[in-house]
Amino acid sequence: MMEVSQLESNILLYTFKEGYGVNIVALIHENHACLIDIGNEQQALQVKRHLAREGITVTDVFFSHLHSDHCFANSLFANCQIHCGKNYKENFADNVNDPTFIPQNLHQDGDLFQFGSHSLQILETPGHSSGSISIILNNKYMIVGDLLIFDYEGHQYLPYVGADSTFQLHFDNVSRIKSLPYHVLIPGHGLIQNSQESIKKACEVVEFYLKQLEKLGKDAKLGELIKDPTNILSTFHEMTLTNQFSV
């Protein structure tokens, strides 16, 4: 089921809570919309139809990263301007439903994009994937894709470091997000974090966890370690993170 909330008069948040769920942000300018992530085909269709009923046409789409749960409906937006990070190719072809659909706008760190009254500053934040970007929206919101992941009760999921990325990249960019002075964080999945304190805490959880994983080495059987009550990750996982194991 789709839930629609209005963050501001010209910013909508579409939330789908089934499974991992997904958050889709719509920036409105007159009768045009810019979407940030689009979910799967069913989710994207619901968003597109909801906007169409309001007389709004999607003209631009940003992808925080090119994993299928964020971009698999790309063919529905073939007439739009598509934006993503410059390193998108590492996971694009295996995750979209139209491999001929190539983004026209490749962004790098520090790029600025204006959509009507909306200002989008691009940050390259690889870690979850090598092509991940985050977006500072209107100097107020941080949209971070899957750099930080939550459920819809506010619990954190374990960080997922893609095969095309590294623990260190993920750690460095979580630390970068933690250092920024923005008070509203919109993750790709789960509850919005509405204070600098909650953002800092969430970042510190991931920093600690990634450092422990790095010490164990890439061949460690993490599922077994989490079940071992003598291991620090077992206690940390039980006390701090949701029971979903996703690394």
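## A walk through the model, from a surface arginine to the core

Start by selecting Arg176, which is partly exposed at 27% relative accessibility. Now add Asp109: its side chain meets that of Arg176 in a salt bridge, 2.8 Å from N to O. These two come from distant parts of the chain, 67 residues apart. Arg176 sits in helix H4 (residues 167–179), while Asp109 is in the loop between strand E7 (105–107) and strand E8 (112–115). Asp109 counts as partly exposed too, at 35%.

**Zoom out for a moment**

What you have open is a predicted model. Show the whole protein as a cartoon and you'll find seven helices and twelve strands. Of its 247 residues, 53% are buried. Switch on the surface if you like: the accessible area is about 11300 Å², and carbon and sulfur atoms account for 49% of that. Among contacts with a separation of 6 or more, 58% are between residues 24 or more positions apart.

**More salt bridges**

There are five salt bridges to hunt for in total. Select Glu124 and Lys86 for one of them, where the closest N and O atoms are 2.6 Å apart. Glu124 belongs to strand E9 (residues 118–124), and Lys86 lies 38 residues away in the loop between E6 and helix H3 (89–92). Is each partner buried or partly exposed? Glu124 is buried, with a relative accessible area of 17%, whereas Lys86 is partly exposed at 36%.

Next, pick Lys17 and Glu3, another salt bridge, with 3.5 Å between the closest N and O atoms. Lys17 is in the loop between E2 and E3, and Glu3 is in strand E1 (residues 2–8), 14 residues apart. Here both ends are partly exposed: Lys17 at 38% and Glu3 at 33%.

**Into the core**

Time to go inside. In soluble globular proteins, nonpolar side chains tend to be buried together. The largest nonpolar core here has 27 residues, so select Tyr14, Leu35, Leu51, Val61 and Phe77, the members that touch the most others. Then colour the elements that each supply at least two core residues: strands E2 (11–16), E3 (22–29), E4 (32–36), E5 (57–62) and E6 (81–85), plus helix H1 (41–53). Which of them gives the largest share? That would be E3, with four residues.

Keep Val61 selected and show what surrounds it. Beyond its neighbours within four places in sequence, Val61 is in contact with Leu35, Ile38, Phe77, Cys80, Gln81, Ile82 and His83.

**Following strand E4**

Now highlight E4. Four of its five residues are buried, so this strand is largely enclosed by the rest of the structure.

On one stop of this walk, look at E3: it pairs with E4 in the antiparallel sense over five bridges. To spot one of those bridges, select Leu27 and its partner in E4, Cys34. The E3–E4 hairpin has two residues between the strands, and Glu30 takes a positive phi there, near 55°.

Then turn to E5. E4 and E5 run parallel and are joined by five bridges. For an example, select Ile36, whose bridge partner in E5 is Phe62.

To finish, show E4, H1 and E5 together and trace the chain through them. What do these three elements make? They form a right-handed β-α-β unit. You have met all three already, as E4, H1 and E5 each supply at least two residues of the largest nonpolar core.

Conventions. Residues are numbered from 1 along each chain as its sequence is written. This is a predicted model: local features need pLDDT of at least 70, side-chain atom pairs count only at pLDDT 80 or more; totals for chains, interfaces and linings use all residues. Side-chain values use heavy atoms; hydrogens and water are left out. Buried means under 20% relative accessible area, exposed over 50%, partly exposed in between (1.4 Å probe, protein chains only). Contact means heavy atoms within 4.5 Å. Accessible areas come from the Shrake-Rupley method with a 1.4 Å probe; for residues, only the protein chains shown count as cover. A nonpolar core is a set of buried Ala, Val, Leu, Ile, Met, Phe, Trp, Tyr and Cys residues joined through side-chain atoms within 4.5 Å. A salt bridge is a side-chain nitrogen of Lys or Arg within 4 Å of a carboxyl oxygen of Asp or Glu. Two strands pair if DSSP finds at least two bridges between them. A crossover is right-handed if, with the strands pointing away from the viewer, the path from the first strand over the helix to the second runs clockwise.
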